[in-house]
Every structure is written in structure tokens, then in C-alpha cells.
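Hi everyone, thanks for making time for this. I'd like to walk you through one protein model, so please have a look at the screen.

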Amino acid sequence: MKSSSDQKVAPKKVVLVTGGSRGIGAATSLQLAKAGYAVVVNYTASQATADKLCESIALAGGTALGLQADVADEAQVLAMFAAIDAKFGRLDALVNNAGVVDMTARLDEMSVARWKRMFDINVIGSLLCAREAVKRMSTRYGQKYGGRGGAIVNLSSAAAKIGSPGQYLDYAASKGAIDTLTMGLAKEVAAEGIRVNGVRPGIIDTDIHASGGIPDRASQMAPQVPMRRAGSADEVASAIVWLLSDAASYVTGTTIDVTGGR
Ligand code: NAP
């Protein structure tokens with residue numbers, strides 16, 4: 001695991017954005033830095049992109065720390081949270097954003113290896129990061145981990161409601177699990193100072209579509225969206241930032257559609 005900086009920083013609200021290097025995660029990291037959070041930008045492969053993002057946050061007067069960790073790997077996730085403990089000594093918010101799709105296919109063409117990779121990253125990764133975040137946020141543990149309360153936002157997808165037949169219904173099913181995680185965990189920790197909510201993006205213009213083999217999927221699908229356009233990463237980030245903020249202090253267990261009406 002690599003860290004973009006080893007200096008100790010002054011305490012302010014700290015947020016971890018998984019998959020914060022690109023797309024919706026990068027837009028969210030930038031908006032949260034502007035809102036005054038110290039931002040931990042997690043990534044797996046794109047260190048240069050994460051470093052550039054952290055530098056631009058620092059140049060604007062903010063605080064950012066890039067941390068490499070595969071969210072599907074328990075040892076790497078534990079090391080990432082230990083690095084956050086060492087650097088900041090607190091965690092106030094988590095954005096469970098890291099997620100993957102795979103090549104467009106029918107269910108009867110998919111392999112078990114594909115399903116395991118997708119569920120390991122999209123579902124186990126979110127469970128793992130939520131588990132470690134709850135330990136640090138929950139008032140249940142008193143001062144053992146900090147226990148100031150906090151907020152979590154999980155990235156679901158409109159696919160969870162639509163099912164994505166003929167495209168990637170395994171991805172849709174993984175996001176259905178995220179909706180259930182959001183609803184259940186919110187109830188589990190509501191009395192411990194932690195709010196848990198979700199965002200269900202529709203067709204958003206990011207590189208994720210290229211990784212699914214259809215780089216121009218966002219423009220291809222735009223005519224099917226009631227608003228007749230794809231959404232931007234910034235439009236999703238705005239919903240995430242609001243759900244984390246005190247303005248949403250009585251909101252928990254809900255998932256907001258950011259879909260242009262789809
Ligand atoms: P993206 O542009 O492909 O970016 C994905 C991010 O996740 C990257 O920062 C990537 O890191 C990181 N990542 C991937 N696997 C990881 C792993 N195992 N561990 C840690 N980080 C990992 O994706 P996006 O479009 O911004 O999507 C973000 C979230 O929104 C995902 O959960 C996605 O399912 C959801 N969503 C997106 C759309 C859409 O249309 N774009 C729609 C609905 C839901 P590297 O840079 O290191 O690869």
C-alpha cells in the first residue's frame with residue numbers, strides 16, 4: 001500500500017472515498033474537499049490519477065491522502081483503515097463507491113469467476129469497508145475507536161431496480177445487495193450515531209462503460225432517459241455530499257435515485 005504523504009495533519013472531518021481516483025469517486029472527493037473534509041482517496045490501479053487529484057485538492061488549500069487498497073482484499077482494507085487511524089485518528093464519513101461492471105453478456109454465458117470478482121468488489125468490498133467504518137464511528141465502542149458517530153453512503157445503481165437483462169444482471173444483483181445493506185445497516189446503527197444511505201445513479205458519463213466494452217454507452221442510452229441525456233459524475237456527487245452533510249441529519253436508510261427520471 002502506498003501513501004501520497006506521511007505528514008501528520010490537523011484534525012477536521014475525515015472521509016474515505018473508495019474508488020476515489022476516477023469518475024463519480026473523483027467528483028465526490030473534490031466536492032467533499034471543498035466542503036472542508038480531509039479526503040482519503042482510495043484506488044487500486046490508477047496511482048498517478050489519484051496522486052494528481054490529491055495534489056489539486058492540496059493546491060486549493062484542502063487535505064487529501066491517496067491510499068492504494070483493493071476493497072475486495074480484507075488484509076488490504078485493514079491496512080488502509082490502519083493508515084487512516086495513524087494519519088488522522090478519526091473517521092467521520094465513508095463513501096462506498098468502488099465498483100465494477102463486466103462485459104455485456106447473458107446469464108447463460110457468464111462464468112463463476114466473473115461473478116466472484118464482481119461480488120467480491122461490489123458487495124464484500126462495501127461490507128468490509130462499512131464494518132471497519134462502523135467500528136470507528138459507532139458510539140457503542142466509546143472511545144476505543146473514537147465513537148463520534150458518522151455517515152455512510154453506498155453506491156447502488158438504477159440497475160438494481162431495472163435488472164439489466166441481456167447486459168449484466170450479475171452487476172444488477174450485486175447492487176440489489178447494496179440496497180439491502182443500506183436499509184439494514186441503517187437500522188442496525190441508527191441509535192449509535194451513524195446514518196447510512198445510498199445513491200442509485202442512472203446512466204452517468206464515466207469510464208465504467210468502457211470497462212464493460214461499450215465506451216459510448218452513456219450517449220447511446222441517453223435517448224431512453226426521460227431527461228434525454230446522461231448524467232455527470234458531479235450530479236451524483238452532489239447527492240452523496242448532501243446525504244453525508246448535517247442538512248440530511250434525519251435521513252437514514254434511504255436510497256436516492258439520480259437517474260434523470262429513468
Ligand atoms: P469508474 O469511472 O470505472 O471508477 C471506478 C473507481 O473504482 C476507480 O477509482 C477504481 O480505481 C475503483 N475501483 C475499482 N475496483 C476497485 C477495487 N477492487 N478496490 C478499490 N477501488 C476499485 O466508475 P464510476 O462510473 O465512477 O462508478 C462509481 C460507482 O458508481 C460504482 O459503484 C458504480 O457501480 C456506480 N454506478 C455508476 C454508474 C455509471 O453510469 N457510471 C451507474 C450506476 C452506478 P482505479 O482508478 O485504481 O481503477
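Let me start with a question: in which sense do S6 and strand S7 (residues 255-258) pair, and over how many bridges? They pair in the parallel sense, over 4 bridges. For the vocabulary, helices (H or I, at least four residues) and strands (E, at least two) are DSSP runs, numbered from the N terminus, and two strands pair if DSSP finds at least two bridges between them.

A word on where this comes from: this is a predicted model, where local features need pLDDT of at least 70 and side-chain atom pairs count only at pLDDT 80 or more, while totals for chains, interfaces and linings use all residues. Residues are numbered from 1 along each chain as its sequence is written, and side-chain values use heavy atoms, with hydrogens and water left out.

Now the overall picture. The protein has 9 helices and 7 strands. Its radius of gyration, taken over C-alpha atoms, is 17 Å, which agrees with the value near 18 Å for a compact globule of 262 residues; the globule rule is 2.2 Å times the number of residues to the power 0.38. Along the principal axes, the C-alpha atoms fill a box of roughly 50 × 40 × 35 Å. Of the 262 residues, 52% are buried, where buried means under 20% relative accessible area, exposed over 50%, and partly exposed in between (1.4 Å probe, protein chains only). With contact meaning heavy atoms within 4.5 Å, take the contacts between residues at least 6 apart in sequence: 75% of them join residues at least 24 apart.

Back to strand S6, residues 194-201, where 8 of its 8 residues are buried. Both faces are covered: Ile194, Val196, Gly198 and Arg200 lie on one side, and Arg195, Asn197, Val199 and Pro201 on the other. S6 also runs parallel to S5, joined by 6 bridges. Val199 is a nice residue to click on: Leu155 stands opposite Val199, and Val199 stands opposite Ile256 in S7.

Just after S5 comes Ser156, in the loop between strand S5 (150-155) and helix H5 (159-162). Is Ser156 buried or exposed? Ser156 counts as buried because its relative accessibility is 3%. Leaving aside neighbours within four places in sequence, its contacts include Val199, Arg200 and Pro201, as well as Thr255.

Another parallel pair is strand S2 (residues 38-43) with S3, joined by 6 bridges. Val41 stands opposite Gly66 in S3. Strand S3 (residues 63-68) is mostly covered, with 5 of its 6 residues buried.

Let me finish with two helix residues. Gly25 is in helix H1 (residues 23-34) and is buried, with a relative accessible area of 0%. Not counting neighbours within four places in sequence, Gly25 is in contact with Val17, Gly19, Gly20 and Asn97. The C-alpha atoms of Gly25 and Asn96 are 9.1 Å apart, although 71 residues separate them along the chain.

Trp242, in helix H9 (residues 233-244), is partly exposed at 37% relative accessible area. Residues up to four places away aside, Trp242 touches Ala247, Ala248, Val251 and Ile256. That brings us back to Ile256, the S7 residue that Val199 stands opposite.
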